[in-house]
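The following exercises concern a predicted model. Please work through each task with the structure at hand before reading the solution.

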Amino acid sequence: MYGKSPARVLPLLLGLQLTALCPTAAVEIYTSGALEAVNGTDVRLKCTFSSFAPVGDALTVTWNFRPRDGGHEQFVFYYHREPFRPMSGRFKDRVVWDGNPERYDVSIILWKLQFDDNGTYTCQVKNPPDVDGLVGSIRLSVVHTVPFSEIFFLAVAIGSACAVMIITVIAVVLFQHFRKKRWAKRAHDDEGIKSKEEEKLKQENKVSVYLEDAD
């Protein structure tokens, strides 16, 4: 009463073995999640992936966009063996391929950002037989300028680096100057000592000659 018949157990065991031998194929997507960029600049929407199957000609990449204030999803970019840019719409002539499938990179670059580019960009990758998996997303925020804190820390970092370089150069120049000055003083002192010794030797020679003449 508590057991199971062999006819029911055998299919279950076979199913478990097949599941272990053939894992579920699924593409995993990796993105930054959130991104902030300045109006009028270019931005790289980075998307990488991992796949159970090797990358081949069957790989497809689809980028879409949904505005932050709502609305229908819009086509951004498509890749299958070669890039396919949008022929019309808001992203026409504003998006280029910047990926490398061999390195599992399917990123794109969006040119000349506008404030209505605020929204969510989705990256979907299919690499048969890996065709399932979550869609990667990037929440892009287009701003007027970089936040003050970032500018401040950047300026401090650049200023500190410049100050260190200037101090290092000044220290090296001063070291070389004082070393040359010390060598010059030592050479002058040696020359003075040598002159005094030569003068003393001349005086001694004169005295010797005078004594000899006196005799």
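**Exercise 1: Strand pairing**

Val95 has Leu110 as its bridge partner in β9.

Task: Determine how many bridges join β8 to strand β9, and which strands stand at the edges of the sheet.

Solution.
Step 1. Strand β9 comprises residues 108–110, and three bridges join β8 to this strand. The two strands run antiparallel.
Step 2. The open sheet consists of three strands in the order β3-β9-β8, with antiparallel pairing.
Step 3. β3 (43–45) and β8 each have a single partner strand, so they stand at the edges, and one side of each is left without a neighbour in the sheet.
Step 4. On average, and with direction ignored, neighbouring strands of this sheet are turned by 25 degrees against each other.

**Exercise 2: Aromatic pairs**

Task: Classify the ring pairs that Trp97 forms with Phe77 and with Tyr79.

Solution.
Step 1. A pair of aromatic rings is described by the distance of the centres and the angle of the planes. The count for this model comes to seven aromatic pairs.
Step 2. For Phe77 and Trp97, the ring centres are 5.9 Å apart and the planes stand at 5 degrees, so the pair is stacked. The relevant cut-off for stacking is planes under 30 degrees apart.
Step 3. Phe77 lies in strand β6 (residues 74–80) and Trp97 in strand β8 (residues 95–97); the pair therefore ties together parts that are 20 residues apart in sequence.
Step 4. For Tyr79 and Trp97, the centres are 4.3 Å apart and the planes at 10 degrees, so this pair is stacked. Tyr79 lies in strand β6 and Trp97 in strand β8, so the parts tied together are 18 residues apart in sequence.
Step 5. Phe77 has 0% relative accessibility and therefore counts as buried; Tyr79, at 11%, counts as buried.
Step 6. Elsewhere, ring pairs link Phe65, Phe91 and Tyr121 into a cluster.

**Exercise 3: Cysteines**

Task: Identify which cysteines form a disulfide, and state whether the disulfide is left-handed or right-handed.

Solution.
Step 1. The sulfur atoms of Cys47 and Cys123 are 2.2 Å apart, and the two residues form a disulfide. The count comes to one disulfide.
Step 2. The torsion about the S-S bond of Cys47 and Cys123 is about -85 degrees, so the disulfide is left-handed.
Step 3. Cys47 belongs to strand β4 (residues 47–50) and Cys123 to strand β10 (residues 119–126), so the pair ties together parts that are 76 residues apart in sequence.
Step 4. Both Cys47 and Cys123 are buried, whereas Cys162, at 38% relative accessibility, counts as partly exposed.

Methods: Residues numbered from 1 in each chain as written. Predicted model: local features only at pLDDT ≥ 70, side-chain atom pairs only at ≥ 80, totals over all residues. Heavy atoms only, no water. Disulfide = S-S within 2.5 Å. Helix = DSSP H or I, 4+ residues; strand = E, 2+ residues; numbered from the N terminus. Buried < 20%, exposed > 50% of the residue type's maximum accessible area, 1.4 Å probe, protein only. Phe/Tyr/Trp six-rings, centres within 6.5 Å; stacked < 30°, edge-to-face > 60°. Pairing = 2+ DSSP bridges. Axes fitted to C-alpha atoms, helices over the stretch in contact; angles between N-to-C directions.
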